[in-house]
Amino acid sequence: MCGIFGSVADKVEYNTIKQGLKNLAYRGYDSAGIAVATNGGVVIERTEGHPKFLPDLGLTGTVAIGHNRWATHSPPTKENSHPYTSNDNKISLVHNGIIENYAEVRRFLEEKGFTFYSQTDTEVLPNLIQFYLSQGDNLQAAMRHTAKHVEGAFGVIFIHADHPNQMNLMKLGSPMYVGRADEAVYVCSDAYSFPEEVKTFSSIDDSKILIIRKDSVDVQDLNGTKLTLIFEEKNISADTYCLGKHEHYMQKEIHEQFDYVVSALAGRIRDAEIKLGGLEDCVESFAESKQVIFTGCGSAHNAALVGALAMEEVGRLMCRQMPAGELKYTDLLVDDKTWLITVSQSGETADVIGCIKNMRNKGAKVLGVVNTPNSTIYQMTDCGIHIRAGKEVSVASTKAVTNQMLAMLLLAYKIGLENGCSYRDYKAFLSEVQKLPYFINKVIAQEQKIRDICEHYKDSKTAFVIGRNVLEFIAKETALKVKEISYIHAEGYSGSELKHGPLALIDDKIMNICLLDKNFYPEKTMSNIEEIRARGGKVILITNYTKQEVDNKIYDRLISTETGENKFVTAMVFNVVGQLLSYHFALHNGRDVDLPRNLAKSVTVE
Ligand code: AGP
């Protein structure tokens with residue numbers, strides 16, 4: 001995690017760095033800091049919390065760097081915020097990642113007389129650079145020696161007071177991008193958060209050392225070999241950070257789903273054929289695989305659960321699924337007939353990256369369900385499907401989850417057609433999935449009603465979300481979202497599992513969100529709802545039955561919404577109801593919807 005933003009130019013505005021950090025706040029908002037090299041020396045500002053709490057200053061300099069912190073090694077205080085300075089006060093440094101052998105490096109430096117003012121891993125970095133400079137290294141050699149001396153993952157930029165016209169960068173494992181504008185060069189943790197004036201950008205590979213000046217970027221590897229950076233056009237929409245009529249990014253991103261689902265489908269269904277351009281070279285080998293393993297973290301893992309069920313039931317391939325953080329350390333039977341499907345919005349999630357490395361070592365091939373071109377995960381896969389969900393800013397993932405599920409359904413039906421899915425079912429799916437944007441808008445049209453329901457139940461301490469089959473995974477996803485942003489404790493369960501334990505908890509204080517698909521064994525879910533009602537549990541019913549079709553004794557509140565008959569498409573529609581419920585529970589409870597406590601958008605640490 002953590003966000004890094006820096007710039008070098010004739011005149012770098014402190015407020016430009018602050019704005020860059022605000023754009024990157026999704027990566028961490030425990031504390032923030034900025035260092036600016038001016039004629040009078042390096043000025044440093046720090047704050048606890050979100051970067052918006054940094055002071056506004058009319059300060060300019062020749063190089064400036066900034067950092068948003070997601071705390072790992074020490075409490076999220078102002079004192080522990082970056083930039084960190086070296087003992088000689090010449091180096092101001094910001095860091096994303098973890099230095100695993102920092103205790104050992106710290107002892108090494110203490111023996112040389114260095115002192116430390118924090119317990120963080122980062123503080124060893126500026127001092128180690130100072131140490132190598134004191135041994136006669138020039139700046140690049142000191143960076144190379146430092147990069148080789150430490151173990152872990154890092155993206156680092158720093159200012160050296162003796163070189164006030166350059167920014168220095170070391171990269172191993174944490175995402176870093178360099179962007180070029182006419183009068184300035186920027187460094188940023190993602191390619192979306194550059195200022196508008198940036199025209200081209202380059203993703204920095206691992207094990208690289210960069211010296212960045214306003215009109216040049218010198219790159220070398222850890223052996224000192226000079227390299228050239230390839231820059232590409234930046235075609236990224238300017239309105240990503242514009243809230244428009246919405247109160248929060250989460251609300252904006254929920255509402256945008258109509259457009260992004262349309263975009264994800266564009267050109268992918270032609271003449272009753274599913275076309276997935278990124279898979280052309282590997283679809284044959286994929287269709288012959290012996291097993292497919294689906295993985296991801298958090299909401300992406302919930303989407304993977306949906307994908308795995310669809311691939312098994314429709315695609316007729318043997319599937320299993322596991323959260324990436326577990327899969328990475330599980331010794332599954334894997335060979336070169338295994339495909340791993342990794343689902344990740346950011347494309348930078350450390351557990352997923354670790355999983356890919358592990359599975360590859362065992363011979364598996366990797367298909368990425370990705371939203372961020374050029375991300376680390378995108379670059380590690382053999383082939384993939386771009387979900388085309390646009391940039392997600394809110395920490396809670398919404399539109400990306402919808403499009404992840406959509407991408408995996410398209411894949412399942414594409415493979416299914418080869419593996420025995422009936423043409424009738426296939427055609428029915430194609431026609432229904434194209435109505436998904438319409439169904440989603442029908443849900444969004446009910447936002448006021450959902451808002452009112454949430455107001456009524458906002459003080460609930462616990463929510464059970466239940467559903468069967470694919471709706472179990474939507475139940476899990478809804479529960480995750482409710483927990484994540486409203487801080488109401490919530491559990492997502494299969495309705496069938498209720499009587500094997502959780503039913504003991506049901507009484508009139510428990511809110512139950514029940515997902516009922518009239519086209520998939522509705523009587524079974526009805527029985528589960530009856531079991532809840534018999535114990536006095538409150539029921540918010542989400543269903544595709546109309547009000548007239550359902551007995552009003554089985555619910556307290558009803559959210560009836562239109563779907564077709566395909567259970568997977570229905571699941572995606574119900575999921576949008578869950579997104580709106582969690583959003584409005586959070587609002588009614590006065591939560592910071594886009595930046596929930598203790599979390600970050602992109603989890604680049606294990
Ligand atoms: C969802 O709302 C979460 N914030 C979180 O679970 C997220 O989906 C997870 O961290 C995975 O992120 P990724 O898709 O960027 O890999």
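Helices and strands here are DSSP runs numbered from the N terminus, and the model they are drawn from is a predicted one. With that numbering, A272 can be placed in the loop between strand 16 (269-270) and strand 17 (273-274). Its backbone stands out a little: A272 has a positive phi of about 60 degrees, although it is not a glycine. At 23% relative accessibility, A272 counts as partly exposed.

A similar story turns up at R316, where phi is near 55 degrees, again a positive value in a residue other than glycine. R316 sits in the loop between helix 8 and strand 19 (319-323), and this residue is exposed, with a relative accessible area of 52%. A third backbone oddity is the peptide bond from H82 to P83, which is cis, with omega near 0 degrees. P83 belongs to the loop between strand 4 (60-69) and strand 5 (84-85). These spots are worth pointing out because most residues other than glycine have a negative phi, and most peptide bonds are trans.

Next comes the ligand. There are 13 residues around it, and S344, Q345, S346, T349 and E484 come nearest. Several polar groups face its oxygen atoms. An N or O atom in the side chain of S346 is 2.6 Å from one ligand oxygen, while a polar side-chain atom of K481 lies 3.0 Å from an oxygen atom of the ligand. S299 takes part through its backbone, with an N or O atom 3.1 Å from a ligand oxygen. On its own the ligand has 410 Å² of accessible area, and the protein covers 91% of that. As for the elements that build the shell, helix 8 (298-313) and helix 16 each give two or more residues. Helix 8 gives the most, with three residues.

E484, one of the residues that come nearest to the ligand, is found in helix 16 (residues 470-486). E484 is buried yet has no salt bridge. The nearest side chain of opposite charge is K481, and that is 4.2 Å away; a salt bridge would need the nitrogen and the carboxyl oxygen to be within 4 Å, so the pair does not count as one. Leaving aside neighbours within four places in sequence, E484 is in contact with V395, A396, P596 and L599.

Elsewhere, charged side chains do pair up, and the count comes to 25 salt bridges. One of them joins D206 and K171, at 2.4 Å from N to O. D206 lies in the loop between strand 11 (200-203) and strand 12 (208-213) and K171 in strand 8 (residues 167-172), so this pair ties together parts that are 35 residues apart in sequence. D206 is partly exposed at 36% relative accessibility, whereas K171 is buried at 6%.

Another salt bridge is formed by D190 and K391, whose closest N and O atoms are 3.1 Å apart. This pair links distant parts of the chain, 201 residues apart: D190 is in the loop between strand 10 (184-188) and strand 11, and K391 in the loop between strand 22 (383-386) and helix 12 (399-419). D190 is buried at 7% relative accessibility, and K391 is buried with a relative accessible area of 11%.

D556 and R533 also meet in a salt bridge, at 2.6 Å from N to O. Here D556 comes from the loop between strand 26 (538-543) and strand 27 (557-560), and R533 from helix 17 (residues 522-534). Finally, D10, K214 and D215 are linked in a network of salt bridges.

Methods: Residues numbered from 1 in each chain as written. Predicted model: local features only at pLDDT ≥ 70, side-chain atom pairs only at ≥ 80, totals over all residues. Heavy atoms only, no water. Helix = DSSP H or I, 4+ residues; strand = E, 2+ residues; numbered from the N terminus. Buried < 20%, exposed > 50% of the residue type's maximum accessible area, 1.4 Å probe, protein only. Lys, Arg positive; Asp, Glu negative; His and termini not counted. Contact = heavy atoms within 4.5 Å. Near = heavy atom within 4 Å. Polar contact = N/O pair within 3.5 Å; in protein donor to acceptor, adjacent residues only side chain to side chain. Areas by Shrake-Rupley, 256 points an atom, 1.4 Å probe, with all protein chains shown as cover.
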